[in-house]
Amino acid sequence: TSALHTNWHLKENARDHHTSKFSSKELIVRRGQAFIVTFNGTEQPEQNLTFIAETGPKPSKLAKTQATFGISSTVSKESWSAVLQSTSSNSVSISISSPPNAVIGRYKLSVQTTSIGSSSPASLGTFVLLFNPWSSGDDVFMPNKAECEEYVLEEFGIIFAGNKNHISSFGWNFGQFQGDILNICLSMLDRSLNYRQDPATDVSHRNDPKYLGRVLSAMVNANDDQGVLLGNWSGNYEGGKSPSSWTGSGEILQNWKKSGFKPVKYGQCWVFAAVLTTVLRCLGIPTRTITNFSSAHDADGNLRVDEFYDASGNHLDRAADSIWNFHVWNESWFSRSDLDPSYSGWQVLDATPQEESGGIYQCGPASRNAIKEGDVDLDYDCPFVFAEVNADCMYWNYDPASGKKTLMFSESTVIGQFISTKAVGKDDRVDVTNDYKYEEGSTKERDVFKKARKKLGLEDKFDPTAPTPQEIDQKPDISGKFKVAGPLEVGKDLNLILVLANLQSDAKTVHLNMTAWSTVYTRRPVHEIWKDSISVTLSPREEKQFPIKIPYTEYQQQLTTDNTIQVTALCHVEGGIQVLVQRDITLDNPAIDIQVLGEAKVNKEVDVEVIFTNPIDTEVMDCVLQVEGNDLLRGILEIDVPPLKASEKSSTKFKLIPFETGPKHLLVNFSCDKFADIKTFKMVNVID
């Protein structure tokens, strides 16, 4: 094919198609909407022009990966069409429209003249077609324009973490329009298992957001398919970057490509979710990250999570089930043509490899409405997601010697709390718990739980591992809780108070075994920090307080990068059932401050100062500052900061030359030998 000179009207088309943020020399447009192209070199009358748009390795009309269309007087809603705009002596301008359900991806466009002695088609070049949330015919149509801005066009996000008693947050650079990200996202589709097994069929399904969402939830983790990120929850991240050290998706996706598509080390749930957000927003599917606090990982599908403790109060890592302090997944917005229309809207996707679905580590799309209504029999993976926000918890005492387990207590209201996402157009937290379930403890919520159990066939099946009704109904003689008495900060001693209350009208003798372990945010124990045993007698109805102090020097060496500690007291009550008291503590890192010194102007140098004060009475070493920010600097800036003596304040200055106007975000990550990944961000308004 000969090539014609083509003018793709990049600026005007990008403006009309909400693709101006891509920095590409290639035309990037959205489906179901017209774009203009002008070319010259055809001597033929316009009526004789036929266009061919094709994508994938084996373009075919049947698979809808090839379209042939001539000039028509009006736009077709069902198929590709071309409408003549203008002609001059040697050039012709055409408005080309794709149907709202076209396959997305990179297309070749060529033109053929259908006169006598028909010539071979002449190539006009390539363009990329994306989903179109601004178009009412598209599966991803989002009527609210502010939501389109946030969930498709916004490159900065806030992710919530910590635990239900203490929610924290950090910034993230999704960077979906930067550099080569679009090409990396397209090559991700071509590396999926589905594509490798049958490329033509896979490409023909790329018009369907639920298909792509599911495929990409598998591709973002490295399991099964040499995908993007390798998960690691061990607390030891040698040989890679610790999950908490990343500040954006760009570096991860670029590293994956640079290494010849070898999995990047290491990810944990929010990293998987953030990368999936980048990829889906890049392709035009509205997507956000969701954080679920006290999130259940129900490995055996019985809507119950079992946790085991030994007689000393150690949390045993022996069950496949677990309750995470928090878990981050995604919601994407699209209609469900395969289900009743009431299940359209937000769909849960989860790229964190937890359980296999259809033989591989992928999860979703599960309709959020189906989760709320307990319709767990609907595609895809609703039982797992339902359990994440609704499972019941059973806490068992386990004797490794005999293998005997006794139920200490069960809870039905702790799982799935403060489900959080970033507000549209603001940095605030929005609570979406009520979109996942009816109010805890309401009859409606219990009805939905029963309905889900019934649909899963759990109501009629005898479960030998389940506690007996007698075990569930037994009442403890005492109650206990850990109260925080002092600051929860890395570098300071941890002060708690164990409060025990005798609920009976006779005295009780209690033998307490207490432990504190450092954990990962999934509550997986990593190192023992402290233990103690005491015996106490409680008078009738008496409440007693026991202060507990865990010095910084004792926990400092054992802490993981998640700064989490689980404190447990196992109370052996003479003549009564055992009582478990526990609390998960997340310690805050010390603060770090960014100041922009002066006005930020396009193409002008501006100084930025980062200030950190060492809060502890020993020197901190190996200090590294990592900075990134779209349109403020290219790539990631790494600055080595000299060691800091006890209580010493450091000021690190660097220069930026912003290259775009508007509100931009600078993200900073500071690490040293005593503090891991202290994060902050600053909005910088760049002016002309």
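This section describes the internal cavities of the structure and the residues that line them. The model is a predicted one. A search of the whole structure identified four cavities of 30 Å³ or more, and the two largest are considered in turn below.

The largest cavity holds about 70 Å³ of space. Its lining is formed by Glu150, Tyr151, Gly157, Ile158, Phe174, Arg281, Arg288, Thr289, Thr421 and Lys422. Two or more of these lining residues are contributed by each of the helix α2 (145–153) and the strands β10 (156–163), β14 (287–297) and β22 (417–422). Within the lining, Glu150 and Tyr151 lie in α2 (145–153), Gly157 and Ile158 in β10 (156–163), Arg288 and Thr289 in β14 (287–297), and Thr421 and Lys422 in β22 (417–422). Classified by residue type, the lining of the largest cavity comprises four charged, three polar and three nonpolar residues. The charged residues are Glu150, Arg281, Arg288 and Lys422.

The second largest cavity encloses about 50 Å³ of space. Ser192, Leu193, Asn194, Val215, Ala218, Met219, Asp225, Ile360 and Gln362 make up its lining. Two helices, α4 (193–197) and α6 (209–219), each supply two or more lining residues. The largest share, three residues, is provided by α6; Val215, Ala218 and Met219 fall within the span of this helix, 209–219. Leu193 and Asn194 belong to α4 (193–197). By class, five nonpolar, three polar and one charged residues line the second largest cavity, the charged residue being Asp225.

Definitions and conventions:
Residues are numbered from 1 along each chain as its sequence is written. This is a predicted model: local features need pLDDT of at least 70, side-chain atom pairs count only at pLDDT 80 or more; totals for chains, interfaces and linings use all residues. Side-chain values use heavy atoms; hydrogens and water are left out. On a 1 Å grid over the protein atoms alone, a cavity is a set of points where a 1.4 Å probe fits but cannot get out, and a pocket is an open set with protein on both sides within 12 Å along at least five of seven lines; lining residues have an atom within 4 Å of a point. Grid points are joined across faces, edges and corners, and a volume is the space filled by probe spheres set on the points. Helices (H or I, at least four residues) and strands (E, at least two) are DSSP runs, numbered from the N terminus.
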